[in-house]
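Me: I would like to learn how to read a protein model one feature at a time, with the general idea given before the particular case. Could we work through one together?

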Amino acid sequence: MKATHKDPEKLIWEQMRSPTVSTPISAVQSTRGLPKVLVTLLLFVSVTYVIYTLKLVANPNSCQDIDPDGPFSATRQLSTTAADSISSDQLRFGHPNTTTAATTKTTKPSSSADSDLSSANPLTRTVARVATESVRGPPRTNISHIVFGIAASSNLWEQRKNYIKIWYRPGPMRGVVWLDRKVPAKREDRATLPPIRISGDTSKFVYTNRQGHRSAIRISRIVSETLRLGMKDVRWFVMGDDDTVFVTENLVRVLSKYDHTQYHYIGSSSESHLQNMYFSYAMAYGGGGFAISYPLAKALEKMQDRCIQRYPGLYGSDDRMQACMAELGVPITRELGFHQYDVYGNLFGLLAAHPVTPLVSLHHLDVVEPIFPDVKQVEALQRLAIPMKIDSAGLMQQSICYDSSRKWTVSVSWGFAVQLIRGVLSPREMEMPTRTFLNWYRRADYTAYAFNTRPVARNPCQKPFVFYLSSVRLYSSLNHTVSEYKRHRVPHPLCRWKLAEPSSIQTITVHKALDPHLWDRSPRRNCCRVLQSRKKDSMVIDVGVCRQGEVTEV
């Protein structure tokens with residue numbers, strides 16, 4: 001048996017040495033395996049060809065865009081050009097078109113591909129559109145997708161239109177001011193304000209509230225009237241008053257989180273607990289502004305006039321709006337950056353301890369004191385508009401740290417103010433607004449607010465030394481900001497604590513890197529660090545994302 005059967009390994013070796021020798025078994029196996037290999041190879045080549053063809057159809061100019069110097073050089077050169085085109089001087093003085101310029105430069109190369117696709121046959125365009133959308137998805141919400149409906153009064157128009165000029169930019173923004181009657185038109189207003197329209201007749205609607213005014217009916221219909229204008233490519237309608245100031249870039253950041261194809265009613269409640277009790281905690285207050293998605297606006301427009309007739313006894317426009325939202329079954333989605341500010345007095349305590357959320361709006365600016373001392377409110381807001389344009393994401397965001405050597409507590413509200421306080425106050429205390437204001441009924445009642453507050457310091461040694469923003473500069477090449485804050489000179493009571501005196505500091509310089517994606521991450525306060533200063537009368541602070549393991553402690 002051993003002599004008649006060869007070892008399989010020897011058999012294979014002999015076949016490799018002498019090709020003329022063949023065995024029936026190997027021949028049959030190779031003959032059967034060959035078609036499978038060919039079919040697999042043909043399928044692979046076919047799939048590769050189809051994918052490559054679809055890519056060429058979707059982007060026929062992709063070969064033309066390749067830079068001979070390297071695969072990333074074109075993108076690098078484009079980004080550098082866009083960044084260099086925005087000078088620091090433009091940003092410092094609030095140039096209105098800086099963001100638009102950067103966006104235009106970075107998106108220009110895609111226009112040639114779009115023009116080529118428009119000239120292609122319908123089948124090619126359809127295939128290209130499907131391939132492109134599957135890869136890119138729908139474009140991210142930007143300011144052009146938002147339409148503002150601004151409620152205004154002809155009696156106060158001359159005064160309050162200046163608030164709108166601070167934040168509104170014709171061209172990239174779209175909006176309509178709705179007045180109760182015509183006002184004299186001025187040529188200089190056309191380049192700085194939205195178009196003006198007169199609200200429709202509301203005499204057929206019944207209004208029975210004795211404490212209010214029937215203009216509430218007119219204002220409640222602004223979203224529906226703006227929808228009927230038939231503007232294209234609208235995702236959101238944003239309602240506000242003529243004394244509302246929006247931080248539009250933060251508004252875009254907030255609305256981008258939501259699906260504009262669904263029903264959304266986004267806003268915030270009043271700061272006053274009593275106001276919320278009287279009206280509703282489920283209501284988005286119109287002065288602070290609220291946003292309604294396009295599909296919800298369409299549904300509202302179809303039923304709103306019938307809805308209004310059912311609530312003649314309501315006081316204002318925003319509670320009528322909420323009543324219709326209740327009939328549509330849509331609850332409020334709360335965003336704390338919309339600020340009604342139903343308070344009197346000084347907003348410092350609220351602004352210096354802003355919640356960890358983007359600042360979206362400010363309201364009742366005629367009622368409260370100017371946010372910066374020794375100037376009128378419009379001038380104060382114009383000063384705030386400078387850091388607003390440079391780093392809107394970081395505007396008013398609080399950072400808390402300590403000067404360990406001098407036993408000081410430091411609180412930075414970027415773009416607004418810095419506080420120095422003797423002693424060590426915990427972050428839990430510092431993030432709580434100080435009651436520098438009165439409630440809507442002009443009472444110093446701490447139970448009247450819908451959030452926690454703390455009293456103004458009674459200990460004379462813990463009265464804060466406040467430094468207000470005086471200037472801010474952007475170094476675009478370094479992606480870095482430097483802001484300066486000057487001490488507000490007011491009398492301070494005598495302190496007998498044996499600690500370093502904060503009155504020796506006259507200027508505080510804050511260094512901060514731009515962080516436009518701050519709100520793309522989970523909410524967290526920035527950290528700050530006290531740096532070495534070369535001058536005895538100055539202080540240097542660094543503000544930025546908290547480092548690994550960094551904690552706000554002494």
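Me: In what order do the seven strands of the open sheet follow one another, and what is the sense of their pairing?

Reply: As a general idea, strands of a sheet pair through backbone hydrogen bonds, either parallel or antiparallel. Bearing in mind that this is a predicted model, the order of the open sheet here is β3-β2-β1-β4-β7-β6-β8, and the pairing is mixed. Its edge strands are β3 (196–198) and β8 (333–334), each of which pairs on one side only.

Me: In which sense do β1 and β4 pair, parallel or antiparallel, and over how many bridges?

Reply: Strand β1, residues 146–151, and strand β4, residues 236–241, pair in the parallel sense over six bridges. To find one of these bridges in the view, start from I146, whose bridge partner in β4 is W236.

Me: Which helices lie across β6 and β7?

Reply: Helix α14, residues 294–309, lies across β4, β6 (265–267) and β7 (290–293), and runs at about 85 degrees to β7. Helix α15, residues 317–328, lies across β6 and β7, and its angle to β6 is about 145 degrees.

Me: Is α15 largely enclosed or largely open to the outside, and why?

Reply: A residue is called buried when its relative accessible area is under 20%. Nine of the twelve residues of α15 meet that condition, so the helix is largely enclosed by the rest of the structure. The buried residues include charged-letter positions such as D318, D319 and R320, together with M321, A323 and C324, and the elements against which the buried residues of α15 pack are α10, α11, β6, β7 and α14.

Me: What span does α15 reach, and what comes after it?

Reply: From its first C-alpha to its last, α15 reaches 17 Å, which is close to the 16 Å expected at 1.5 Å a residue. The helix is followed by G329, whose phi is positive, near 80 degrees.

Me: How should I read an aromatic pair, and how many does the structure hold?

Reply: A pair of aromatic rings is described by the distance of the centres and the angle of the planes. The structure holds 17 aromatic pairs. One of them is formed by F237 and Y294, which are stacked, with 6.0 Å centre to centre and 20 degrees between the planes. Because F237 lies in strand β4 and Y294 in helix α14, the pair ties together parts that are 57 residues apart in sequence. F237 is buried, with a relative accessible area of 4%, whereas Y294, at 28%, counts as partly exposed. Elsewhere, ring pairs link F148, W167, Y168 and F246 into a cluster.

Me: Where does R221 lie, and is it buried or exposed?

Reply: R221 lies in the loop between α10 (215–220) and α11 (222–227), and it counts as buried, at 8% relative accessibility. Leaving aside neighbours within four places in sequence, R221 is in contact with G200, D201, T202, F205, R228, Q304, D305 and I308.

Me: How many helices and strands does the protein have, and what share of its residues is buried?

Reply: There are 18 helices and 19 strands in the protein, and buried residues make up 44% of its 554 residues. Among the contacts with a separation of 6 or more, 67% are accounted for by residues 24 or more positions apart. The accessible surface comes to about 30000 Å², and 57% of that surface belongs to carbon and sulfur atoms.

Technical notes: Residues are numbered from 1 along each chain as its sequence is written. This is a predicted model: local features need pLDDT of at least 70, side-chain atom pairs count only at pLDDT 80 or more; totals for chains, interfaces and linings use all residues. Side-chain values use heavy atoms; hydrogens and water are left out. Helices (H or I, at least four residues) and strands (E, at least two) are DSSP runs, numbered from the N terminus. Buried means under 20% relative accessible area, exposed over 50%, partly exposed in between (1.4 Å probe, protein chains only). Contact means heavy atoms within 4.5 Å. Accessible areas come from the Shrake-Rupley method with a 1.4 Å probe; for residues, only the protein chains shown count as cover. Two strands pair if DSSP finds at least two bridges between them. Axes are lines fitted to C-alpha atoms, for helices over the stretch in contact, and angles run from 0 to 180 degrees between N-to-C directions. The expected span of a helix is 1.5 Å times one less than its number of residues. Rings of Phe, Tyr and Trp (its six-membered ring) pair if their centres lie within 6.5 Å; planes under 30 degrees apart count as stacked, over 60 as edge-to-face and the rest as tilted.
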